[in-house]
Amino acid sequence: MINTKNKFLLDWIDESAKLTQPDSIVWIDGSKKQLDELRAVACKTGEMIKLNQKKLPGCYLHRTAVNDVARVEGRTFICTEKQESAGPTNNWLQKDEAYKTLRKIYKGSMKGRVMYVIPYSMGPIGSKFSKIGIELTDSIYVVLNMAIMTRVGQKVLDTLGESNDFVRGLHSKADLDEEKRYICHFPEDNTIMSVNSGYGGNVLLGKKCFALRIASYLGKQEKWMAEHMLILGIEDPKGNVSYIAAAFPSACGKTNLAMLIPPEIYASKGYKVWTVGDDIAWLRIGPDGRLWAVNPEAGFFGVAPGTNMKSNPNALKASMKNSIFTNVAYDIDHNTVWWEGLNNDPPKHALNWKGEPWDPASGEKGAHPNSRFTAPAKNCPCISSEFENPDGVPISAIVFGGRRAKTAPLVYQARNWEHGVFVGSIMASETTAAASGAVGVVRRDPMAMLPFCGYHMGDYFAHWLEMGKLLGDKAPKIFNVNWFRTDENGKFIWPGFGDNLRVLLWILARCNGSIDAVETPIGLEPKPEDINIDGLDISRSTLNDLLSVDKACWLEDVAGIKEFYKKIGDKLPAALRSELKTLEQNLK
Ligand code: OXD
Ligand code: MN
């Protein structure tokens, strides 16, 4: 039985229950017994399917409504007193107006349903990095996913005590009406309200909503950072581990990089890679003045299609126990799951992600392209021993990246922190054929935070600059990578995947000062001979191509950056404007 005397919490639950009118209220204690009971209920109602327990122990399948399969950026709002606080890159609603609109939609939305109260911690419970949230929801699917993605239960309430310092999250599926779907954030009130969706990214409120949008705002006030970054550790043959935090827009292989498998020539020498996180990093200045990071999450919410024993065996293994699959194909004969890119052997008798009979020969997809697995981090064979460390891990390098066919070289280093913030602010990725719309269109996505920053982007850049001042000479070095350069036939030049370790090792060598670099108009690049290509099917001259800076391409990019900076407006820090000028001069 759950126990709390927290008056702020009890009053808010009371108020929310009066509004949404559930039949009953159930507190989630995080126990296996309670979660098992909820799984049984969900299987009975058809909300989940219990999969083959021999092949996939503890695993379930869930299908969302067909109109509810992805994050909805157009329906995601930052709700503040003044529009300026949300800035030009966020959808904004005046906060009192938003509350008024939402109250109407929530009214009676939980009638005939149970309201579950989920106390959760982002970050190891009790760590100085960590923050507490309470999510109220009418979805068992949300409860079970939150129990994987976060730390849930009584211990969280014990840590919260009588404090008002928690993020309030109210979620109701309501009737999944797209027109009335709202994912609203009230950073000034530590509050999130999500209604008319049942899809993970919109409803697992600990993730993008709290750990990025609300937390980025809190980080600005409290002088820390919430970033859309993976965290990985690289162990050298002597057993020393160095940590890298890296930000990439969607569809750039973040989870694969976080779980990288060292190529044989490195593995045989004793190099290892350890995963701390695959999506979000909370970063603070430690007592030693360096930047330290924790992964606030406890699980992976990974994209299923394309995940296989070659691309990411660690993620695949992590998902084979105590995991929830969402919107993948269902193998009727074996009571298991399948997705495009898992293997070349689609099931003979199957249902597609919508639950309809599906013939793989039809050319239609079995799994939705954004189908997911929710897997406990501790299942991952390469999970770091520091994953639960309440003090986090010290970050040596920050890496930005994107998908650029021609512009960005394989790797370059920023000349200093300010230049590094500039490099992050001009991040961009080109659209692929996988997404709808034109191919090769450049999308600006500074620090991969465009959809996730809970306040004005100009203030966000200023916060990065301020953190650099606080860190001084202890600041991590900043780099940019591009695994996606193509040749004249549009083929990728760099092999990517495990071989990206070759680039990460150059980065670490730069961090410990053991290697020189070459000045270029855009920053510091490796001497071609300093990237190890032993055992690769590429030549030194190809490597030269990968590192070349095409001035015409870059000048075109400068024009794109100017346009983007114009959108940011007056709040764009002068330091970034001056970095842009320097870049332009260097190129001319
Ligand atoms: C995610 C995303 O789901 O960035 O992690 O879209
Ligand atoms: Mn993400």
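**Reading a manganese site and two backbone angles**

Student: Is Lys208 buried or exposed, and at what relative accessibility?

Tutor: Buried means under 20% relative accessible area. At 7% relative accessibility, Lys208 is therefore buried. Bear in mind that this is a predicted model.

Student: Which protein atoms are donors of the manganese ion (ligand 2)?

Tutor: To read a metal site, look for N, O and S atoms within 2.8 Å of the metal. For the manganese ion (ligand 2), the protein donors are NZ of Lys208, NE2 of His228 and OD of Asp279, at 2.1 to 2.2 Å.

Student: What spacing do these donors follow along the chain?

Tutor: The donors of the manganese ion (ligand 2) follow K-x19-H-x50-D. Lys208 sits in helix H8 (residues 206–222), while His228 is in the loop between strand S12 (225–227) and strand S13 (229–235), so the pair ties together parts 20 residues apart in sequence.

Student: Is His228 buried or exposed?

Tutor: His228 has a relative accessible area of 5%, so it counts as buried.

Student: Which residue in the loop between strand S9 (167–172) and strand S10 (182–186) should I look at?

Tutor: Look at Leu176, which is in that loop. Leu176 is not a glycine, yet its phi is positive, near 60°. With a relative accessible area of 23%, Leu176 is partly exposed.

Student: Where is Asn190 found?

Tutor: Asn190 is in the loop between S10 and strand S11 (191–195). Its phi is also positive, about 55°, although Asn190 is not a glycine. At 15% relative accessibility, Asn190 counts as buried.

Technical notes. Residues numbered from 1 in each chain as written. Chains lettered and ligands numbered in written order. Predicted model: local features only at pLDDT ≥ 70, side-chain atom pairs only at ≥ 80, totals over all residues. Heavy atoms only, no water. Donors = N, O, S within 2.8 Å, 3.2 Å for Na, K, Ca; no water. Helix = DSSP H or I, 4+ residues; strand = E, 2+ residues; numbered from the N terminus. Buried < 20%, exposed > 50% of the residue type's maximum accessible area, 1.4 Å probe, protein only.
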